[in-house]
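Thanks for coming. I will take a few minutes to walk through one structure, so please have it open in front of you.

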Amino acid sequence: MFSIAAFFDSFGPLLWAARYTLLVSVLGIGLGLVIGALICAARLSPIPALRRFAAIWVSFLRGVPLLVQLLLFYYLLPVIGIDVPALVAAVVTVGVCASAYISEIWRGAIAALPRGQTESAVAIGMNPTDVWTRVILPQAVSLSLPALVNELILLVKASSLVSVVGIMEITRASQAEAATTYRPLEVYIAAACVYLMINLVLAGVGRYLEHRMAI
């Protein structure tokens, strides 16, 4: 029979573990934004070698599952003499993987902008830096915001995979709690509720930012 007491008791350790879920997700999306911007610039570059490199980067990272990337990164570095903490390996892997999707989000947003705006900006004497910072990027960020928020929500859910390298995030904490209490149904329903609460908050923040940027 379902135990209400076991269900509510599970929230303590799960909410404590949620800090690692949020840490990996937020740092991962931050790193992904930086790398994604560079990859997007490479995809739009007039230099063929940069475009090919960026295309291979995106194809590889979107074609290989995040779990496989995490295991490759975590176990490959010690082989070449580099030992990193599991948390660092998780953040870097999540960020690098996210960069492939973010670069395509931004590339699509930039491509969606009318070419006439850029031509008009150049015609009135704006230099290329001003064209990008004052015309293209503000609009591209606004257009890409819903997709970026969706990517962050996906990363929160995908962060459950980092449990395989020993990080005590929500999924691993729920497994430990279920093994201790012998109440897996209650614990996993509580874990689902914690993930849902986090993602509902992120979705709400995303809607608020969309509204603010649309004004």
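**A walk from the surface to the salt bridges**

Phenylalanine 2 has a relative accessible area of 35%, so this residue counts as partly exposed. Before I go further, please keep in mind that this is a predicted model. Phenylalanine 2 sits in the segment before H1.

What does phenylalanine 2 belong to on the surface? A nonpolar patch, formed by Phe2, Ile4, Phe8, Leu185 and Ile189. Together these five residues have about 470 Å² of accessible area. Two helices, H1 (4-9) and H9 (184-214), each give at least two residues to the nonpolar patch.

Staying at that end of the sequence numbering, look at arginine 183 and glutamate 186. Their side chains meet in a salt bridge, 2.6 Å from N to O. Are the two partners buried or exposed, or something in between? Arginine 183 is partly exposed because its relative accessible area is 28%. Glutamate 186 has a relative accessible area of 2%, which is under the 20% cut-off, and therefore is buried.

How many salt bridges does the structure hold? It holds three. Another one pairs arginine 43 with glutamate 104, with 2.9 Å between the closest N and O atoms. That pair links distant parts of the chain: arginine 43 is in helix H2, residues 11-43, while glutamate 104 is in helix H5, and 61 residues separate them. Glutamate 104 also forms a salt bridge with arginine 107, where the closest N and O atoms are 2.8 Å apart. This second contact of glutamate 104 stays inside one helix: both residues lie in H5, three residues apart, or about one turn of the helix.

As for accessibility, glutamate 104 is at 19%, so this residue counts as buried; the cut-off is under 20%. Arginine 107, with a relative accessible area of 28%, is partly exposed.

Next, the pockets. The largest pocket has a volume of about 230 Å³. Its lining is made of 13 residues, and the closest to the centre are Ile110, Leu113, Arg115, Thr118 and Ile136. Which helices supply at least two residues each to that lining? They are H5 (86-112), H6 (115-123) and H7 (128-158). By class, the lining of the largest pocket has eight nonpolar, three polar and two charged residues.

The second largest pocket holds about 170 Å³ of space. Phe60, Leu61, Gln69, Leu72, Phe73, Leu76, Val92, Thr93 and Val96 line it. Here H3 (48-63), H4 (66-79) and H5 each supply at least two lining residues. H4 has the largest share, with four residues. The lining of the second largest pocket divides into seven nonpolar and two polar residues, with no charged ones.

H5 therefore comes up in both linings, so it is worth finding on your screen: it supplies at least two residues to the largest pocket and at least two to the second largest pocket.

One last residue, for orientation. Alanine 176 is in helix H8, residues 170-181. At 35% relative accessibility, alanine 176 counts as partly exposed. How far is alanine 176 from leucine 33? The two are 143 residues apart in sequence, and their C-alpha atoms are 33 Å apart in space.

That is the tour. I am happy to take questions.

Technical notes
Residues numbered from 1 in each chain as written. Predicted model: local features only at pLDDT ≥ 70, side-chain atom pairs only at ≥ 80, totals over all residues. Heavy atoms only, no water. Buried < 20%, exposed > 50% of the residue type's maximum accessible area, 1.4 Å probe, protein only. Patch = residues over 30% accessible without salt bridge, like charges linked within 9 Å, V, L, I, M, F, W, Y side chains within 5 Å. Areas by Shrake-Rupley, 256 points an atom, 1.4 Å probe, with all protein chains shown as cover. Salt bridge = Lys/Arg side-chain N within 4 Å of Asp/Glu carboxyl O. 1 Å grid on protein atoms, 1.4 Å probe; cavity = no way out; pocket = protein on both sides within 12 Å on 5 of 7 lines; lining within 4 Å. Points joined across faces, edges and corners; volume = space filled by probe spheres on them. Nonpolar A, V, L, I, M, F, W, Y, C, P; charged D, E, K, R; others polar.
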